[in-house]
Amino acid sequence: MKRAIPVLVLSVAGLIPLWRYAPSHETGSSPAPAQVAAPASTPSVSSSGGTTTTVVSGSLVDTEKGPVRVEVTFDGDEIASVRMLRQPDHPQTTAAVPRLIEETLQAQSADIDTVSGATITSDGYRESLQAALDAKG
C-alpha cells in the first residue's frame with residue numbers, strides 16, 4: 001500500500017501532458033484550407049504634393065493557428081509598407097512577420113516565399129496581402 005499511492009500519483013502526473021496535447025494536424029494529412037472570413041476593405045486614398053497614398057486592408061483569413069489580416073500602404077503604385085492588423089499569438093508567427101513584410105517590400109507583390117516553421121501563417125499572410133492588392137486594383 002505504501003507504494004501504490006506514489007505510483008498512482010506519478011502515473012496521473014505523467015498522463016496530464018498527454019491529455020493536454022493538441023496537435024495542429026496529423027502527419028501525412030494536408031491541413032484544412034484557409035477560409036476567408038471578411039472581404040478586403042475599400043481603399044482609403046489621400047493626396048499631398050502630387051503623391052497619392054492609398055491604405056488598403058486585406059481580407060481576414062481564418063487559419064488553423066488564428067486569424068490573419070494585413071494592411072498595405074501604397075505610395076502611388078508601389079507598396080510602401082505592410083502592417084499586420086491580426087496575427088496568431090504563436091512564437092513562429094512573431095518571428096516570421098518581419099521576414100514576410102521584408103520580402104513583400106522587396107518583391108512588391110504577394111509572390112513571396114513561405115517562412116520555414118510558419119507555413120500556415122505565411123499562407124494566410126499571402127492570401128490577405130493578395131486580397132489587399134486586388135482591392136487596390
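1. **Helix 2, length.** The expected span of a helix is 1.5 Å times one less than its number of residues. This is a predicted model, and helix 2 can be checked against that rule. Helix 2 covers residues 91-107, which is 17 residues, so it should span 24 Å. Its end C-alpha atoms lie 25 Å apart, which agrees.

2. **Helix 2, kink.** The axis is not straight throughout: a kink of about 30° lies at Val97. The proline Pro98 follows shortly after that point. Val97 is also among the buried residues of helix 2.

3. **Helix 2, packing.** Which residues of helix 2 are buried? They are Thr93, Ala96, Val97, Leu100, Ile101, Glu103 and Thr104. These buried residues pack against strand 6 (78-86) and helix 3 (119-136). Note that Glu103 is in the buried set.

4. **After helix 2.** Gln108 comes just after helix 2 and takes a positive phi of about 55°. Gln108 is a residue other than glycine, a point to keep in view when checking the backbone. Its place is in the loop between helix 2 and helix 3. Gln108 has a relative accessible area of 30%, so it is partly exposed.

5. **The loop between helix 2 and helix 3.** Gly117 lies in this loop as well. At 52% relative accessibility, Gly117 counts as exposed, because the cut-off for that class is over 50%. Gly117 and Gln92 are 25 residues apart along the chain, yet their C-alpha atoms are separated by 6.3 Å.

6. **Helix 3, length and packing.** Helix 3 has 18 residues. From its first C-alpha to its last it reaches 26 Å, close to the 26 Å expected at 1.5 Å a residue. Its buried residues are Ile120, Thr121, Ser122, Gly124, Tyr125, Arg126, Ser128, Leu129, Ala131, Ala132 and Leu133. What covers them includes strand 3 (51-57), strand 4 (60-62), strand 5, strand 6 and helix 2. Helix 2 and helix 3 therefore appear in each other's packing: the buried residues of helix 2 pack against helix 3, and helix 2 helps cover those of helix 3, where contact means heavy atoms within 4.5 Å.

7. **After helix 3.** Gly137 follows helix 3. Its phi is positive, near 90°.

8. **Salt bridges, the count.** How many salt bridges are there? With a side-chain nitrogen of Lys or Arg within 4 Å of a carboxyl oxygen of Asp or Glu as the criterion, the count comes to three. The next points take them in turn.

9. **Arg83 and Glu71.** Arg83 forms a salt bridge with Glu71, and the closest N and O atoms are 2.9 Å apart. The pair links distant parts of the chain: Arg83 is in strand 6 and Glu71 in strand 5 (residues 67-75), 12 residues apart. Is Glu71 buried or exposed? Glu71 is buried, because its relative accessible area is 17% and the cut-off is under 20%. Arg83 has 47% relative accessibility, so it counts as partly exposed.

10. **Lys136 and Asp77.** The side chains of Lys136 and Asp77 meet in a salt bridge, at 3.2 Å from N to O. This pair also links distant parts of the chain: Lys136 sits in helix 3 and Asp77 in the loop between strand 5 and strand 6, 59 residues apart. Asp77 counts as exposed because its relative accessibility is 72%. Lys136, at 24%, counts as partly exposed.

11. **Lys136 and Phe74.** Lys136 has a further partner. Its charged end sits over the ring of Phe74, 5.2 Å from the ring centre.

12. **Asp123 and Arg126.** Asp123 forms a salt bridge with Arg126, with the closest N and O atoms 2.5 Å apart. Both lie in helix 3, three residues apart, about one turn of the helix. Asp123 is partly exposed, because its relative accessibility is 35%. Arg126 is among the buried residues of helix 3.

13. **Aromatic pairs.** A search of the whole structure finds zero of them.

14. **The chain overall.** The protein chain has three helices and six strands. Along the sequence the pattern reads α-β-β-β-β-β-β-α-α. Of its 137 residues, 31% are buried. Among contacts with a separation of 6 or more, 42% come from residues 24 or more positions apart.

Terms used:
Residues numbered from 1 in each chain as written. Predicted model: local features only at pLDDT ≥ 70, side-chain atom pairs only at ≥ 80, totals over all residues. Heavy atoms only, no water. Helix = DSSP H or I, 4+ residues; strand = E, 2+ residues; numbered from the N terminus. Bend = angle between axes of the 7 residues up to and from the residue. Buried < 20%, exposed > 50% of the residue type's maximum accessible area, 1.4 Å probe, protein only. Phe/Tyr/Trp six-rings, centres within 6.5 Å; stacked < 30°, edge-to-face > 60°. Lys NZ or Arg CZ within 6 Å of the ring centre and 35° of its normal.
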